[in-house]
Each structure stands twice: as C-alpha cells, then as structure tokens.
Amino acid sequence: MVTGASGMLGSTLAIELSRNHKVYGTGNSDITLPIDYKVFDLSNESYKELIDWSQPELIIHCAAITNGNYCQENCLKAIDVNGVSVHKILNATNTTTKIIYISTDAVFSSSLHMAKEVHSVFPENIYGKSKELGEFFLNNSQDRQYTIIRTTIVGLNINKNRIGFVEWIINTALENKKLGLFTDVLFTPISIWDLVDEINFLINTDNINSETIHIGGELCTKFDFGSKLLKTLNISTENLFKRLISSFEGRAKRSNDQSLDSDFYQKKYKRDSISLDQTILKIKENYEHN
C-alpha cells in the first residue's frame, strides 16, 4: 500500500510498482491510477478500515503535509499527518507488515553540511519536527522491519491540480514572469523516477533492514538547479535572477544547507551516485513525454 498516492512521488511510485505487484493506494483527493485506490484522511483516529481493505505486506508511507508555512500555522495537523500517522500505522498492523517511511532533510539543522545518517537530528521548523516524530515511532517500534529514507525529491505531478517546485520554475519562466531562485541554499535533489528505482531495488532485494538511509543526488544551489533545468528544456532564462533566502520574508524557517550525504547507502548496497545532469535529464524526458 502506498500512502500519498495522489501526490507527486506516491502516484509515480504506485504506477511503477503496479507493473509487478498488487498495489493499493490512498490519498486525500481523487485521482485516476491503475491501482485500487481509496480517498482516506490520515487525521482519522483509526486506520483499521484502511488496513482491512488493503491487507498490506508492505506500506510505503509517502503521504505528508510538506508546505512549510502551512505546517507552522497548523502545527497539530502537521504533527498528526506527518508523524502520529506512523504510530497509527504501527497500531493497525501486525509485526509482519514492513514499512518504508519517506522522511526529509528538514530533520537536520543549518549547521550541518552533507548530513550523514549518524548525525543528530535538530529540526528548525514544524515540518522537520513532524517528520522527526515519525522516525521516532519507527526507531522505537518492536520487532519491525522498516526503512526510513531521508531524501529531497524533484519531479512532475501526475495530478494536474498540484504544482511542485519544478512546475513552478517552468510555469513562471514560460509566463515571462520574474523568477528568483536562492544562491545561498544548498540541496541534493533526486528525481522522483530515480528514487522510485531505488525503492524498487530495496523491495526486490528484500532490503528492508530496520535502518535509516539517505538517498539523494548531486550537491547544487536552488539557482543552479533552476538555471540548468530551464536551459536543458530550452526555456528562456531571461527573467531568472539570483536571490538570497536571508532576504525572503513571510516564509517558515528553512535551513540554508539542506544537503544529504548518500555515501553510506551507495556503498552498502553498491548503488551508483546520481548526478545533477541525470536528475535534470529525467525531468526533461518526462516533461516532453507528457
């Protein structure tokens, strides 16, 4: 079962997994997917209905409220959906049900560069705190096979009612509007399609090993990412300009350094590193296909 199957990662993941597995999906809005799908509110007190319906051997928990400002203004809702939901999943399932939990770089503080799995978490906003709580429930669960994946995804939405970071960059440039991207924010983005490949690998090799892993791409700034994306798509960068996050007001606090070190995962499982060029080309391929 894939939670958040109406979202960017969840919908793409559900479609890909359905090629070789029986997949159930749940989300907070209607979407047409080639799987058994149910609209379900993760704020519900009990998940028994959801588990009885899907009877999952594996739950991939992609669902989350990711809007930083919304999380700050609705902290109890964010903590419930992003964190307490893990506790509800554990209570509704037995110990044979495996769990993959999609977490975030936001569990770390600004003081860390290329954060490793062994580094202490210290979230600086409600979003990060809510995801840390989800990690806490899994790390303290008994006799469970789980994997916590910390990552920073970029991609395109199948659900056309949703607009992500990549779509915002493309749409703003195509509309000939001013587009300011941060030169002082570092991150290690991975495309949703590359992350789906890694999740598929973990499932197919039965490597759900009750651990936390970082899966990301090449280090870059938000400005460098956007500039390379537009140039690769042959979209004008005329209205693109450099901006500092330190001068951006009215926004929930977010770390300047959102980078993750994926060496542990890549070395342990002999997986290739993912370059920024590869990430951008994956977006280009899927953008042109759609």
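Trainee: Why is S210 called partly exposed?

Mentor: S210 has 32% relative accessibility. Buried means under 20% relative accessible area, exposed means over 50%, and partly exposed is in between, with a 1.4 Å probe and protein chains only. The value for S210 is in between, so S210 counts as partly exposed. Keep in mind that this is a predicted model, where local features need pLDDT of at least 70, side-chain atom pairs count only at pLDDT 80 or more, and totals for chains, interfaces and linings use all residues. Residues are numbered from 1 along each chain as its sequence is written, and side-chain values use heavy atoms, with hydrogens and water left out.

Trainee: What makes the phi of S210 worth a remark?

Mentor: Its sign. Most residues other than glycine have a negative phi. Phi of S210 is near 50 degrees, which is positive, and S210 is not a glycine.

Trainee: Where does S210 lie?

Mentor: In the loop between helix 7 and strand 11. Helices (H or I, at least four residues) and strands (E, at least two) are DSSP runs, numbered from the N terminus. D206 lies in the loop between helix 7 and strand 11 (211–214) too. Phi of D206 is near 55 degrees, again a positive value in a residue other than glycine.

Trainee: How do you know whether D206 is buried, partly exposed or exposed?

Mentor: Take its relative accessible area, 47%. That is not over 50%, and not under 20%, so D206 is partly exposed.

Trainee: What about W168: what is its class, and why?

Mentor: W168 has 36% relative accessibility, so it counts as partly exposed. W168 is found in helix 6. Its C-alpha atom is 27 Å from that of D261, and the two residues are 93 apart along the chain.

Trainee: Why is N91 put in its accessibility class?

Mentor: N91 reaches 57% relative accessibility, so it counts as exposed. N91 sits in helix 4 (residues 75–92). Along the sequence, N91 and S46 are 45 residues apart; in space, their C-alpha atoms are 8.8 Å apart.

Trainee: And I59, buried or exposed?

Mentor: The value is 0% relative accessibility, so I59 counts as buried. I59 belongs to strand 4 (residues 58–61). From I59 to N74 is 15 residues in sequence and 26 Å from C-alpha to C-alpha.

Trainee: What makes helix 4 and helix 5 roughly parallel?

Mentor: The angle. The axes of helix 4 and helix 5 (residues 126–139) cross at roughly 10 degrees and come within 8 Å. Axes are lines fitted to C-alpha atoms, for helices over the stretch in contact, and angles run from 0 to 180 degrees between N-to-C directions. Under 35 degrees counts as roughly parallel, over 145 as roughly antiparallel, 65 to 115 as roughly perpendicular, and the rest as oblique. Helix 4 and helix 5 are therefore roughly parallel to each other.

Trainee: Which hand does the crossing of helix 4 and helix 5 have?

Mentor: Right-handed. A crossing is right-handed if the near helix is turned clockwise from the far one by less than a right angle, and left-handed if anticlockwise.

Trainee: Why are helix 1 and helix 7 called oblique?

Mentor: Helix 1 and helix 7 pack at about 50 degrees, with their axes 10 Å apart. That angle falls in none of the three named ranges, so helix 1 and helix 7 are oblique to each other. Their crossing is right-handed.

Trainee: How many cavities of 30 Å³ or more are there, and what makes a space a cavity?

Mentor: There are 2. On a 1 Å grid over the protein atoms alone, a cavity is a set of points where a 1.4 Å probe fits but cannot get out; a pocket is an open set with protein on both sides within 12 Å along at least five of seven lines; lining residues have an atom within 4 Å of a point. The largest cavity holds about 90 Å³. It is lined by 14 residues, and D105, A106, F108, S255 and D257 are the closest to its centre. The second largest cavity has a volume of about 30 Å³. Its lining includes E198, Y265 and R271.

Trainee: How much space lies in the second largest pocket?

Mentor: About 600 Å³. Its volume is the space filled by probe spheres set on the grid points, which are joined across faces, edges and corners. The pocket has 23 lining residues, and L156, I158, W193, N286 and N290 are the closest to its centre. Helix 10 gives the largest share of the lining, 5 residues.
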